[in-house]
Amino acid sequence: MDEIKLLKLIEKDARISVRDLADVLNESESDVLDQISKLEQQQIICGYHTVINWDKAHNETVSALIEVGATPSKETGYDAIAEKIYRYPEVTTMYLMSGKSEFIVVINGKTMRQVADFVAQKLAPIEGVHRTETYFVLKQYKVEGVVVLSKPNEDKRLIVTP
Amino acid sequence: MSKYVNETIKKIAPSGIRKFFDLANQMEDVVSLGVGEPDFETPWHIRQEAIYAIEHGYTFYTSNRGLDALRQEICKYYQRRFSLSYNWKEEVIVTVGASEGIDLTFRTILNPQDEVILLQPSYVAYEPLVTLAGGVSKIIELKEEHQFKLLPEQLEAAITDKTKILFLNFPSNPTGGIMTYEDYKALIPIIKKHDLLVLSDEIYAELSYDQTFVSIASFEEIKNQVIILNGFSKAYAMTGWRLGYLLAPRDIVTHMIKIHQYGIMCPSTISQYAAVEALKYGDNDCKMHKDSFEARRNFLVNNLNRIGLTCHMPQGAFYVFPSIKNTGLSSEEFAERLLQEQRVAVVPGSAFGTCGQGYIRISYAYSLNQLKEAIKRMERFMQQFNL
């Protein structure tokens with residue numbers, strides 16, 4: 001079975017049924033199911049999520065992207081500091097970066113106050129962290145390859161053509 | 001006022017698809033699987049180039065043969081993708097879609113009563129264009145049991161003293177059939193023996209799935225007897241830009257260019273600039289489009305077989321051509337009733353030649369969700385036949 005094809009299909013649509021996957025990949029349903037379980041066990045598939053435009057759902061949230069400057073410890077390098085940060089449930093995404101700052105941390109909170117408190121009380125005091133720079137998200141245009149502001153796609157083609 | 005109209009034109013029947021379009025167009029809630037163009041929008045970087053061309057005033061005529069840069073890129077592309085060498089200065093004309101290339105070739109080559117061998121079922125324009133150029137069409141009926149391939153004995157049997165052109169169109173609209181290297185190889189001695197000019201419509205070349213596409217011009221011994229037609233519509237999702245090209249021996253191009261320069265002058269300059277971008281940086285777009293079509297092909301064919309519309313796995317283009325003979329209906333009856341009863345639009349196979357009778361053309365240039373809805377409706381439709 002073409003594992004990459006399978007992964008690309010569920011990456012785009014996590015809700016696609018096993019039967020549809022089997023049809024698209026020209027494989028049996030049981031083989032597809034086995035393959036998915038294997039990929040889950042191997043942690044190649046790490047989760048299934050939904051792209052939600054929270055602005056539209058009238059549920060006020062605040063997102064911020066925080067650049068974190070950090071000094072690695074001699075024994076554990078960056079990973080130990082990173083763990084101290086990403087263990088907080090407020091952190092949705094975290095990367096080690098090249099460039100001016102060591103980490104980029106994305107956090108979601110209910111209010112700007114909450115985000116500010118998180119940075120001041122939780123993030124900044126962590127040993128090894130020497131600088132933070134917080135950027136609040138004003139508007140989201142595109143998330144995970146999806147343009148969240150766009151209208152549903154209309155078919156602009158003629159209904160029958162040769 | 002039709003007394004003014006040319007007699008040949010009067011005799012040409014309007015496209016059978018048109019009739020069906022009118023019918024489907026007045027209905028609500030139709031799920032169409034009747035379209036002969038990709039559902040993708042033109043990739044953004046290509047559209048950006050066109051916008052750039054407009055903003056910076058690249059809005060003048062180009063040379064009759066097309067932009068130098070575009071012809072160079074076309075030759076690089078055929079070299080890169082299919083290992084075929086053409087001279088951009090002498091062997092290329094950029095045309096208004098591949099359609100112009102077909103018309104141009106027939107008008108350049110055919111004397112009155114010269115014969116053109118056409119394979120059917122095939123695209124609706126070929127036969128009328130032969131007629132308009134004063135030629136005579138000789139139809140070879142391709143068979144489902146041969147996966148709609150052209151067999152050497154069929155070709156041999158169709159050749160007469162007047163045969164001048166063999167028209168090939170693989171991957172095929174509407175059958176999805178292809179020709180492999182071996183399939184073509186068997187034809188080469190016949191083409192050589194009868195000194196035929198081969199016109200090869202390769203517009204669906206990039207949409208070949210389980211086999212790599214082979215151009216008949218790859219056979220060195222007949223390359224100087226081959227005219228290749230291609231374009232940007234299907235591979236790059238650029239149907240509305242109306243841009244194609246032809247690759248042909250220099251001595252033929254010299255004459256073709258006369259019709260093109262007086263009749264057309266040059267295709268849209270804006271489109272030509274966009275096409276340069278497509279060829280330079282669009283290989284990945286082609287691949288993405290192809291992968292997506294392949295997934296949908298598999299999905300559709302597996303589901304059609306499940307609901308009793310049996311068909312072989314088409315190897316190219318984006319059409320499935322299932323037989324509906326076991327329903328006892330004609331292609332037109334089937335398509336019309338499917339539209340009336342379940343609001344699904346497909347094209348009757350007979351629109352692509354009389355031998356398309358007993359088949360329908362289903363396009364899979366649609367999202368999986370659209371295909372799913374169509375299959376649900378078609379399944380309901382098929383239940384009445386108790387197959």
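Here are some exercises on a predicted two-chain model, each with a worked solution.

Residues are numbered from 1 along each chain as written, and chains are lettered from A, ligands numbered from 1, in the order in which they are written. Since the model is predicted, local features need pLDDT of at least 70 and side-chain atom pairs count only at pLDDT 80 or more, while totals for chains, interfaces and linings use all residues.

**Exercise 1. Work out which side of helix α4 of chain A is buried and what covers the buried residues.**

Step 1: get the terms straight. Helices (H or I, at least four residues) and strands (E, at least two) are DSSP runs, numbered from the N terminus. A residue is buried with 20 or more other C-beta atoms within 10 Å of its own, exposed with 12 or fewer, and partly exposed in between, with C-beta atoms placed from the backbone.

Step 2: pick out the buried residues. In α4(A), residues 77-86, these are Ile81(A), Ala82(A) and Ile85(A). They sit on the same side of α4(A) because they cover an arc of only 105° around the axis (the arc of the directions from the helix axis to the C-beta atoms). As a reminder, an α-helix has 3.6 residues a turn, so residues three or four places apart point the same way.

Step 3: flip the helix over. Asp79(A) and Glu83(A) are exposed on the other side of α4(A).

Step 4: look for the cover. Contact here means C-beta atoms, placed from the backbone, within 7 Å. The cover over the buried residues of α4(A) includes β1 (62-70), β2 (91-96), β3 (103-109), α5 (112-123) and β4 (129-136) of chain A.

**Exercise 2. Describe how the two domains of chain B meet.**

Step 1: find the bounds, which come from an automatic or database domain assignment. Domain 1 of chain B is 2-41 + 284-382, and domain 2 is 44-281.

Step 2: check the contact. It takes 33 residues from domain 1 of chain B and 33 residues from domain 2 of chain B.

Step 3: zoom in on the domain 1 side. The elements giving two or more residues to it are α12 (283-306) and β9 (319-320) of chain B, and α12(B) gives the most, with seven residues.

Step 4: sort that side by residue type. You get 15 nonpolar, eleven polar and seven charged (nonpolar: Ala, Val, Leu, Ile, Met, Phe, Trp, Tyr, Cys and Pro; charged: Asp, Glu, Lys and Arg; polar: the others, Gly among them).

Step 5: add the separation. The C-alpha centres of domain 1 and domain 2 of chain B lie 24 Å apart.

**Exercise 3. Trace the seven-strand sheet of chain B and place helix α5(B) on it.**

Step 1: write down the order. The open sheet runs β2-β8-β7-β6-β5-β3-β4 (chain B), with mixed pairing; strands pair if DSSP finds at least two bridges between them.

Step 2: find the edges. β2 (92-95) and β4 (136-141) of chain B each have a single partner strand, so one side of each is left without a neighbour in the sheet. The twist averages 20° from one strand to the next.

Step 3: walk through some pairs. β3(B) and β4(B) are parallel over six bridges, with Leu118(B) opposite Ile139(B) in β4(B). Helix α5 (residues 97-109) of chain B packs on the sheet, touching β2, β5, β6, β7 (226-231) and β8 (244-247) of chain B, and its direction makes about 155° with that of β7(B). For that angle, axes are lines fitted to C-alpha atoms, for helices over the stretch in contact, and angles run from 0 to 180 degrees between N-to-C directions.

Key: Contact = placed C-beta atoms within 7 Å.
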